[in-house]
Amino acid sequence: MKTTLRRLLPAALTAVMLAAAASGCTSSGTGNPDELTVGFVVDPSWAQIPVAADTGLFGKHNVHVNVVNFSSGVEALQAVAAGQVDITTAADVPTAAALTRTPSLRIVADGSRWEGSRIVARRSAGVNTITDLAGKSIGTPLGTSAAYYISNALAQNNIKANLVQVSPSAMVTAATQRNVDAVSIFQPYQAQTIAALGTDAVELSGGSYNQHSLFLAGPSAISGKGEAIRAFFAALDDAGAALSQQDSAAVAAVAKATTLDPELLRTVLTEFDFTIQLNPDLATELTALGDWAKSQKSIEPTAQLPDYAQFLDGQFLASAQQH
């Protein structure tokens, strides 16, 4: 795993780092208590990050932030576990599995809740309703929130289908080249797939799962960068307020980060609650996701799940909201 990360991160740091306007920094800064390196899964779920970076909010709150992009929470969690980033974003599903392997990590915030998950199917594959998915091939990145969403939807409707591993970046191609009959994927790839399929796209809802979009921190950041983390979340609070008002500069920042059309993005952003919080009920939901991960062998099936409540650390949010 470390070898993979060493290959991934230098390229990411060179090609896709977004420095906060006031920082002027390009190094990871993991030893600087006033500087954070943040892993960002490129997804509107954490839209506050590009908004804060592009509109000067990190500078306003006197925190230096370097943002490194990742295509999935699985990759981002590997980075924070290896100490390559101080804080990372990741959805609840990969987080539930990662915490069983790296119990030193802490969930420091629930950045948003997304209720816009859809199964995107091809009408040309004979799919018009969710029951038509029986026996079909469905592309999804296995082990992610998107895979849980489709698994939950199929189970609740007593449907058996074939889940096929497709990486997020290959999702549009898999759908348009008819390699799969349907896909289950998070944003921005969901919107991109719908746009690419055009009139052949069928959007289906199902199941009861809504994604929690989390922030996790490593032990060194928690012990040595508390003030920077508080300032980071204070900036994200301001960014969330701008997003809730559909501020033009905020929408433009997210559009640039996700490559989504600004007008399409305005609709997508309404699917999210960007209030930063950390409710105790999250531990119960993580337990349910951990049970599913065991069934998928993302967690060893014989493993005993931890008490997820021990991983919730809200100390930085109360101060940030008063910052």
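Two helices count as roughly perpendicular when the angle between them falls in the range 65 to 115 degrees. In this predicted model, helix α11 (residues 248-258) and helix α12 (residues 262-269) pack at about 105°, their axes lying 10 Å apart. The pair is therefore roughly perpendicular. On the α11 side, the residues that take part are Ser248, Val251, Val254 and Ala255, and they meet Pro262, Leu265, Arg266 and Leu269 of α12. Sorted by class, this contact has six nonpolar residues, one polar and one charged. The spacing of such residues along a helix has a simple background. An α-helix has 3.6 residues a turn, so residues three or four places apart point the same way.

A second crossing involves α5 and α13. Here the angle is about 75° and the axes are 8 Å apart, so these two helices are also roughly perpendicular to each other. From α5, Asp92, Val93, Ala96 and Ala97 come up against Leu286, Leu289, Gly290, Trp292 and Ala293 of α13. Seven nonpolar residues make up most of this contact, joined by one polar and one charged residue.

Helix α13 itself deserves a closer look. Running over residues 282-295, it has 14 residues and spans 20 Å from its first C-alpha to its last, close to the 20 Å expected at 1.5 Å a residue. Its buried residues are Leu282, Ala283, Leu286, Leu289, Gly290, Trp292, Ala293 and Lys294. So what does the covering? Among the elements over these buried residues are α5 (92-101), β5 (106-114), α6 (145-156) and β11 (211-217). Just past the end of α13 sits Lys297, with a positive phi of about 65°.

One of those covering elements, α6, is mostly covered too: ten of its twelve residues are buried. They form an unbroken list, from Ser145, Ala146, Ala147, Tyr148 and Tyr149 through Ile150, Ser151, Asn152, Ala153 and Leu154. End to end, the C-alpha span of α6 is 16 Å, close to the 16 Å expected at 1.5 Å a residue. After α6 comes Asn158, whose phi is positive as well, near 55°.

Finally, there is the largest nonpolar core, with 110 residues, in which Leu133, Phe215, Phe232 and Phe233 touch the most other members. Helix α10 (residues 226-244) supplies the largest share, ten residues. Setting aside neighbours within four places in sequence, Leu133 is in contact with Ile119, Val127, Ile138, Leu154, Ile159, Lys160, Ala161, Ala182 and Leu204. Leu154 in that list is also one of the buried residues of α6.

How values were computed
Residues numbered from 1 in each chain as written. Predicted model: local features only at pLDDT ≥ 70, side-chain atom pairs only at ≥ 80, totals over all residues. Heavy atoms only, no water. Core = buried A, V, L, I, M, F, W, Y, C linked by side-chain atoms within 4.5 Å. Buried < 20%, exposed > 50% of the residue type's maximum accessible area, 1.4 Å probe, protein only. Helix = DSSP H or I, 4+ residues; strand = E, 2+ residues; numbered from the N terminus. Contact = heavy atoms within 4.5 Å. Expected span 1.5 Å × (residues − 1). Axes fitted to C-alpha atoms, helices over the stretch in contact; angles between N-to-C directions. Parallel < 35°, antiparallel > 145°, perpendicular 65-115°, else oblique. Nonpolar A, V, L, I, M, F, W, Y, C, P; charged D, E, K, R; others polar.
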